[in-house]
Structure formats: structure tokens, C-alpha cells
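Trainee: I would like to go through a model with you and learn how to read its features. Where do we begin?

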Amino acid sequence: MFLYGLTLQRATTIIHAVHGNFSGTKQQEIAVSRGKLLELLKPDPNTGKVHTLITVEVFGEIRSLMSFRLTGGNKDYVVCGSDSGRISILEYIPNKNKFEKIHLETFGKSGCRRIVPGQYLAIDPKGRAVMIGALEKQKLVYILNRDSQARLTISSPLEAHKANTFVYHMVGIDVGFENPMFACLELDYEEADTDPTGEAVQNTQQTLTFYELDLGLNHVVRKYSEPLEERANHLISVPGGNDGPGGVLVCAENYITYKNFGDQPDIRTPIPRRRNDLDDPERGMIVVCSATHKTKSMFFFLIQTEQGDIFKVTLETDEDMVTEIRLKYFDTVPVSMAMCVLRTGFLFVAAEMGNHCLYQIAHLGDDDDETEFSSAMPLEEGDTFFYAPRALRNLVLVDELDSLSPIMTCLISDLANEDTPQLYVTCGRGPRSSLRVLRHGLEVSEMAVSELPGNPNAVWTVKIKEEEEFDSYIIVSFVNATLVLSIGETVEEVTDSGFLGTTPTLSCSLLGENALVQVYPDGIRHIRADKRVNEWKTPGKKTILRCAVNQRQVVIALTGGELVYFEMDQSGQLNEYTERKEMNSEVVCMDLSKVPPTEQRTRFLAVGLADNTVRIISLDPTDCLQPLSMQALPATPESVCIIEIGGGEDETGAQKASGGLVLNIGLQNGVLLRTTLDNVTGDLSDTRTRYLGTRAVKLFRVLTQGSDAVLAMSSRTWLSYQHQNRFHLTPLSYESLEFASGFASEQCPEGIVAISANTLRILALEKLGTVFNQASTGLQYTPRRFAIHYDSGNVIILETDHNAYTEETKENRKQQMAEEMIEAAGEDERELAAEMTAAFLRESLPEDKFGASKAGPGMWSSQIRLMHPRSGETIQKICLEQNEAALSIAICKFPNNSDDTFVLVGVACELLINPRQARGGGEIHTYKINEEGNKLELVHKTVVDEVPSAICPYQGRVLIGVGKLLRIYDLGKKKLLRKCENKHIPNYIASIQAVGHRIIVCDVQESVHWVRYRRHENQLVVFADDTYPRWVTSATVLDWNTVAVSDKFGNISVLRLPSDVNDDVQDDPSGTKALWTRGILNGAMQKCEVLCMYHVGETVLSLQKTTLIPGGSESLVYTTLSGSIGMLVPFTSHEDHDFFQHLEMHMRNECPPLLGRDHLAYRSYYFPVKNVIDGDLCELFNSMEASKQKSVAEELDRVPSEVSKKLEDIRTRYAF
């Protein structure tokens, strides 16, 4: 068995985010790391939308990310610490749209190790040095400089190691142009390690240590170290030199302290807390991330606490001495991994869970009535300031980046009866979690919809002048009339445009610099800028059937297959070419490509004929109207369209290289053909086919990101476009359209105007490059598991949160606090206290914005939600008691006892996580679900002594994993009745699957156990297991002998029982069996074999064998904690496998990973990769340089187009 790994949707979580001018323009971009991906985002300062410029798979873990700029430079570089044991410095090249390695310096072993640097990065603010540190012991400093050609150089590493020391955080200190300094939060554990009494652990203090890089002596000195009173977790560098006082802000539990060396005293202020918070008052508060904004005249910091509240921090100085720290509550946003304040006034928030946000900073919060707290205000030790959280005031949300991270579970099914299955994923954590329905398609934003006085048959947009940026007219053609609408603030009808309104229009365009041309059945109308009109009438009784126009040329086809060609001369006059061309069949469709920027005309005309051929005809004066090439088609063509791939402008405004011409042919049987058209000879080669739908395919040229794209309309509308050097063909998630044209206006620079029945619609496609569009429904707690009731199409979701209150407990706690407030008030303050408590009881902050209260460890809240996934409507909610955690679910039938369908929910009572222990035991709640699937009714509860972790229906009964016991239960009147038990699973049952009479049980640490139920003896017997420990997170049955499992370290393995396995084994009740037949190392006698092994690089939480496209083949689809969706697909022939195996081998050599990790070692992180080929690496073939593509293809005895066709075929056979 050989598999091919493909990513359908890349990871959406963001772990680090840094901003800078990476493209060298004035515009700021944001570089983000998503685990094994490096991505560059560009927020548009005008629209506020965030666009992705480039995404690179680095085949390694990005552990740290920083940006820096050499003194006097105008461009920022990206520096990465990764698991490759190397430090990488990257530069973004805008005209190639790629990251280039500037330096890759090896310093240690690969892998994420405790003492190998890479976990922390700190940059000298002037860009002179970088420190890279490990969690423990090792720190290296590299000096950065320029050589005589102004290229970036990097020195040998200078060591700043200290044994027996943990590092918590490090930053570069701003010292102007003095020797570069770095500050580290360290903890020396040497004494604690050697002390047997354990007292030293309590007394060990964290230290703040300053390291100085002496540029003169070229080495690093440990300059100064001081112990800290509280445990700190975060350092913020304060601007220094001429910009500020320098030094650092140390963020510790409950306190922020300013420290600097010299005479500067420590300035300390408590972190303010929410007034009347339901949290445990003893719980500490820490800062989770920060952002610094600095201008020439001032600077401030935004710090975020773990509740999501942002404070604006400013420092008051008196002649370089800091006198006080001032804090002011700013706003509340989702808890984030990183924040970036951009110069354009945006705040980018990379959320820890759920969607990432871009905010506009509307106010700096200087002149509002919010209380400002200061370190100068007198407070008792241990006291703090209080504030009231409120809705956004200083920030305005302008864009959201969809993020599925973390995907808790996923089920794939066609509940909406759309032919193509939908992915139902539960994602997020706590009150920000959601159930999302993913469908393959691009999201369409509807800008405007207006009704027309009839059903139009075509629509175009034209500019009046060539240099204008936006379109001026929308021309709508009806059966017997043409309507001209002008585009301005509103869209209105105009009559003085020069267009003939009493006839239908076949096509229209801007001609030359400022003239328009209208082609209608009886002739051609050439409208000059001064409204003079020249007409050309058709000869005799002939009419124009088809036409093609561009900026300088017009070609028409008359009845009988006669082609007439017109070209514009220097004076702007349209001239007919002397000869006409008779085609030997009726012309069905035709198209001209655009005129290339520096030329007079385009050379190629594509004509589709009724004899099932497409011909390319030359328009060059030397061989005008001569056929150049022909392609026979499997059906009659409906439309043709020639586009240029690539081209357009890059970030800096320079022309991008063109990728050549492509001829798209839409056939009447619903198939789209894409054929490469040679720029010089006009030859057609390398045809790709794709079935789009049941209706004939009509093609329209539109613009996306400055380059040509094709809108293909069949029963669904598809967009074929290039994005980040890769070809995409994606359906639009929108109703079917009939005709379309590109549309450019101020509000919508790259839109589409389309008609559907009697409406005119203006649409925008903003999320290019996405594979799925999402319909999202919010949930209250973290969704742990869910099941689908297939008869009704409803889903039952278990939502469970640790450290949380149920609604009932929350109300009781509020009442209790209100009573305490009234009791605490004196006689004269009673009335005021009563008012305050009434206001406190009334106020309720939405938890999805402000977070839920933290109840403390061991406190659980849980509910069961019955939901209609298509509408997102909750049909029923069953809230469980405080400290009951619903963890497992299954829908079962018990045919022996009743015909009803039951839902079994496994609940743990008073569960402690570490060590795992259900102090109150567990319960199995049995609910009856009615036939319509819209009501759950509790039948009974069954008490068990451990956590019921997995439930699976089995032969009219039910298998339940209770802790490490595997049991069979049957339905009783008062509770479930235990029928049988097996005690041989080592630790804790993670999942149970049944196939026939075999049971596949996964242990949380010890991989898979195959169990057989022997009915006569009423025994559950383990007859086979695995040779390796695997920390299983999910499993799915592939066939009778084969199972696919994923583990928490990001591996997917396919395990199979050998063909000679005997599952008819007996447990030996007498114990007389010989010792050597007892099984290996207390395990089972028979072992499974590993068929396939693959390291995904992200923790996989769900696996499913399914088909994703109608008529496609089955594949193994997985979803991960980071929000990515991928699949493993089987090869159908040895020849294919052989081809891809060689391609992968060549790609490893020609296209090594960006951060220097070895690709083979990465895919073999825990176990050697086996029988799986990395499709993500193979698909990089399409984005390599042409010369490299050619050399790799020659090694494989192919041409590059054949290789990319193979890559596309294997993808479209299983997915999109």
C-alpha cells in the first residue's frame, strides 16, 4: 500500500507575528509563522482587508521569528529560529514573490531540544546583532553587518552559555549606538537540583541578566544580574538612545516593573483587575503579549492580560530617569499570541484560538474618561486597581482572517444533499468556539443587486479613456435592445453614450485611447471621443453571428462561416483587411487575446467551429488570416478565451514576468479544456480537462490581483486563476450565473458584474486562494465530540469546559457577591451599595468577547446541544450539573429491547486532569431520541467507577471504555446492564471501533489492540497488538485487517494484521499453557505490521475514510489542531507510484527546505517515513524556475508540462 500526502487547507493558527517593510516599499507587511509555514500578509491601508502575498512550507518547525533592519537600510529582513539547528536570515524578493535565503548558519543538532538554540530570538534595535537562545544553557550571538557591495554579512557565533540555567524570555535592549545589550529572564536550578530536602526549590529566585556584546573585543560579557521578587514571564524593551530612557519592563504575576542599570530605582505597579470579577480572587494575573509603537516624538506600549484586556502603558521621565509608569484600560480583544501596531494605524491581533483580527486604532485613549492608573498612586502591598471592561471604544474591527484552529473533531457527510459532501468541523475553545460547515468554493461578497426591466442576455463594462483606472459604463444587452448604465456614486441609465439602443449587442470594448466600439447583428459602430460615429454595415442579407474585440482589433463572423478582420490604424480609424476568410463550418465562438503592452496587435485569433474543432488563426500582416494550428475536441465548443498567465504588477509596481498564453475552451457537455498556446508559433499543446457541471461552459475574462483569470459558467460558476505562483480552479459558493464581465470601481477595484435571471449583480471575490468557504455557528463551551443523527440530519454536540462555571453556579456566585457587597457597606452607604449591586446583577458581558470566568482547577461545566447544522439553529440544550464533564458520545440501537434510537453520553464527575482521576467516578447518561431527531429525553443514568472515555455500538449492544476497562453493556429498565469485561488494556482507552466481530481498541499510550468477543464463553480476548507505543488521538478502520491511527506527536500510521493472524484465540483460564506461548512482553501473541508511516507535523485530531468529490475515489482525510485539513490518497498503479517517488527524490535535492531542515528527516521525525510520498513537496515543482523544472523533468524522461499535468491529475482525482 502506497499513499500520497496532500494538504487541502493549510494551517490557520498563528504562532508568531512580526511587522516590517519586507518588500522595501513604504508599505508595512506582517510576517507570520503557522508552525511549519511562513507567510507574508499585507493589510491594504485603503480597504483594511488583509491579503496573503506568499505562503511557504518550510518542512520544519518555526520556533521563533523576528524582523530586523541594518542601520540606514530601507528594508527589513526576517530571521528565524527553527528545529534545523541553524539560524536563517531571509529576504523577501517582491518581483519573484519569494523568500530567498541570505544566510543559513549551522550551530547545533536538529530537532526541538532543550539545549539547542532556536527557541528564543532577540535583536539589537539598531540591527547590529542577534541573540539566539535555547530553553536551557546555550545562547549564541551573531554580529550583522554589510560588505562593500552592501550585502548583509553575518559573523561567527559568540557564546554566552551558562550551565544549569533555564531561560524564560529574552529581548534586545535599546542603548543607541553603545555596545549591543540583551536582557534575559533566567532561573539557576543548580542548587535545587542537588538539594535532597526540597527547600532550595522554594527559595530559588528568578534573575534578570544583562549580556553585553563588546564590539571592540568581539565577545559577550555577562554584565549584570539581579534577582526578581516575583516570577516573571515577559520582557518589553523600552526605546533608548535619543528616543527614550532605555531599559526594560519586566512583566511578572500581578506586577509590572521598570528596571534599568545605573542610578535608576525600580518603578513598580500592579496589573489592574476587573471590578466584580467572578474569577477566583487568589488567582494571579499575567501579561501574555505586548506591542510597542514608537514615533519620533513619543512611544507607548500595548500590553494584553490573559483575560484579553489591553492596557496602554506610558512612562513619565525626568531627564532620562523614569519617575512613574502609567496604565490605562484601552479595549478588550481575543487573547492573542502576538500583536503588531502598524504605522498606518492598524493593530493586528493573532488570536490564540479562533479568527485573527485587524483593528483600526480610532483613538489613542488620551482624552477619554477612562481612569488612568499610576505607579505613584499609594497602595497597600497586595492591593491593586480596578476597572470595568466595556465594548470597543478605541479600536474598530476592519477585517477578520478565518481560522479553524483548533479543529477538535470533524465529520464529513452530505447532510445538505448537495452531491458534494460538506465538512462539519467543531473548532475553537470556550465561548469563542463554533461549529463550521465547510464547502469547497470561494466566498463571494455581494456588493449590489438590482432588478432589470426584463431578462438580459449579456453584460459588459467599458472605460471611456485608456488611462482611466475605473470603468465608466455597464452595457446590458436584451433580446431587442441595449441599455447603457453609467457608473458613479450610483448606477444610472444614460442615453448620450453613442451606443445604439434599439438593437441587441454582441460585444463592445474600448478602442484605442478614447473611442468605443459596439458590435451588433447588422454591423459595427465606432464611437469617437467627440461622439462622431462611423458605421460599417453587413453586406446583403448576412448578419454578424459571433465577434471578438480587443483594444485595437475587431474580428466578426458572418453567417456561412465568413471571417472579416478590422484593425485600427495610427489615426484611430478602423480599417477592414482586404481579404476575407471562409471557414468550412459555422463559427460557434471566437476570442482575441489582449494586445501586449509594447505591440500594435495581438497575433492570435481562436475560432471554435461546429465541426468540433478549435483553430488558431494568425493576424500578423505577413500571413494574415492563415490557420496556424488546430485542435480536435470531444464535443462542440461553446466558448473560447485566451488569457496570459502571470504578468501584472508586483508589490513595487514593476512588471512581473509573463508565463505565456493559455487557451481555455468550454464545451457544450460541461467540460473545460486548458491548452498552452505557444507565443511564437501558435501551436497548441498540453491539454488539461476538468468536468465543471451539466450545462455548456461559457467563459469570461476577469482580473484577479492584477492578472488575467477566467470565469467559467456551467451549472456552477468556477474561477480559474493563478495565486502565489500556483494554478487554482475553484467553484464560487454562489447561485448559478448566466453572463459576466470584469468590473472596476472605487469601492470594488477587482469586481465582477454578472446577470442571473432578471437581476444585475456586482460581486467581489476577496478571499482568493482559500479552498473552503465557511458557515459558522457559535457555541458556548469547547466542543469535545459530536455525532450525526443521519435520519434527521441533525447533530448532537458535547460541549465541555474545564475551569468554568455552569450558568446556574454563575448566578449563585453573583448573588453571593452582591450580598457580600451590601454587608461590607456602612450604614450611610447602604443606598449607594444597593444601586451598585443592582447594576452588577444586571450587567452581563458577552463571553465570546470578554472571555468566561475562570472557576479554578477541577471545576467543569458541560452541556449537550442538539442542532440543525444547515440553519445553525439550536433545537435543544441539556445543561449538566457543575463538575460533570461530558467526554464521549454514540448513537446506538438495542434491537433486542426496543426499536427506539438512543444517544449514550459518557460523563466524568469531578475530574482532575493531572494526575487523571475522576473523584466522583463516572456516569453514562442514556437519552432516547425521537424519530424526527429533534428531542432528547433522559431514560436513565448508569454509575461507573472510572471515566467513560469511548462508546461504540456493537452487535445490538454497546462497547464502553471505562478508564482502562473494556466493557459490553446492554439496555436495562433502570440502567445499562454490564455483560462482559476485559482488564488487559494497559492505561486508558482513547477510542473504540468495531468491524464485524472484531473490536479495535486504542490505548492512550500503547497504540492499538485487536479484540474478539467470544459469545459462547462471554469473553473479550485481545488477540493482536502493536510493537510500538503510540499516543493515539484518533483512529479509523480502513478494512477488515487495516486501521489508520494518528498520535499526538503528529504522525499518521497505517497498521495491518498479517494474513495468517488467527482471531479465534482463547484466554487460558487454567494457567497451564506453556510460558513461551504467553505472548511477547505481556502483550498479545500476534503483532500487526506497519504499512505506512508519515509525520504530518501537527497533532491530528480526526481521521476519516471518505470521498470528497462526487464520483471521486476514497481517501483518508485528516484534520489537525492547527486548523489544517489534508488527505492521504492511495496510488492506483505502480507506474504512478514510481514516477512520484522519483519526483520526490529530485525535489529534495533541487528544492531544499527554506530553513535548512532535511526533508527526509522531517517526515521521519519519530519513525522513519514509510510508503508515503509528500505531495506538498512534489507540488513545489510548479513554482520552481523554468530551468530547474526542465532539468528535473529530463531526469524523469518527461517534459515539465507532463509533470505538472500528473500533479494536477492526482489532486483532482480525489479532491480539489
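**Reading the rings, the cores and the confidence**

Mentor: Begin with one residue: Phe 1167 is buried, with a relative accessible area of 15%. Keep in mind that this is a predicted model.

Trainee: Which residue forms an aromatic pair with Phe 1167, and is the pair stacked or edge-to-face?

Mentor: For a ring pair, look at the distance between centres and then at the angle between planes. The whole structure holds 26 aromatic pairs. In one of them, Tyr 1028 and Phe 1167 meet edge-to-face, 5.3 Å centre to centre with 75 degrees between the planes. The two are 139 residues apart and link distant parts of the chain: Tyr 1028 lies in the loop between strand E84 (1019–1025) and strand E85 (1032–1037), and Phe 1167 in the loop between helix H7 (1159–1163) and strand E93 (1172–1174).

Trainee: Is Tyr 1028 buried or partly exposed?

Mentor: Tyr 1028 counts as partly exposed because its relative accessible area is 40%, whereas Phe 1167, at 15%, is buried. Rings can also join into clusters, as ring pairs do here for Trp 1031, Phe 1049, Tyr 1162, Tyr 1165 and Tyr 1166.

Trainee: Which charged end sits over the ring of Tyr 255?

Mentor: That of Arg 268, 3.7 Å from the ring centre. A further case is Lys 312, whose charged end sits over the ring of Phe 300 at 5.2 Å from its centre. Tyr 255 itself belongs to strand E21 (residues 255–259) and is buried, with a relative accessible area of 11%. Beyond four places in sequence, Tyr 255 touches residues including Glu 230, Val 250, Arg 268 and Gly 382. Its side chain reaches the backbone nitrogen of Gly 382 at 3.4 Å.

Trainee: How many residues does the largest nonpolar core have?

Mentor: In soluble globular proteins, nonpolar side chains tend to be buried together. Here the largest such core has 45 residues, and Ile 474, Val 476, Leu 719 and Leu 760 have the most contacts inside it. Leu 760 touches, among others beyond four places in sequence, Val 449, Leu 452, Ile 474, Val 476 and Ile 755. Apart from that core lies another, of 40 residues, including Ile 412, Phe 772, Phe 1131 and Ala 1215.

Trainee: Where does pLDDT stay under 50?

Mentor: Read the mean and then the exceptions. The mean pLDDT of the protein is 93, with 98% of residues at 70 or more. Residues 1070–1077 stay under 50, and the model has five contacts for them beyond four places in sequence.

Note on methods. Residues are numbered from 1 along each chain as its sequence is written. This is a predicted model: local features need pLDDT of at least 70, side-chain atom pairs count only at pLDDT 80 or more; totals for chains, interfaces and linings use all residues. Side-chain values use heavy atoms; hydrogens and water are left out. A nonpolar core is a set of buried Ala, Val, Leu, Ile, Met, Phe, Trp, Tyr and Cys residues joined through side-chain atoms within 4.5 Å. Buried means under 20% relative accessible area, exposed over 50%, partly exposed in between (1.4 Å probe, protein chains only). Contact means heavy atoms within 4.5 Å. pLDDT is the predictor's confidence in each residue, from 0 to 100. Rings of Phe, Tyr and Trp (its six-membered ring) pair if their centres lie within 6.5 Å; planes under 30 degrees apart count as stacked, over 60 as edge-to-face and the rest as tilted. Helices (H or I, at least four residues) and strands (E, at least two) are DSSP runs, numbered from the N terminus. A charge sits over a ring if NZ of Lys or CZ of Arg is within 6 Å of the ring centre and within 35 degrees of the ring normal. A polar contact is a pair of N or O atoms within 3.5 Å; within protein, one must be able to donate a hydrogen and the other to accept it, and residues adjacent in sequence count only if both atoms are side-chain atoms.
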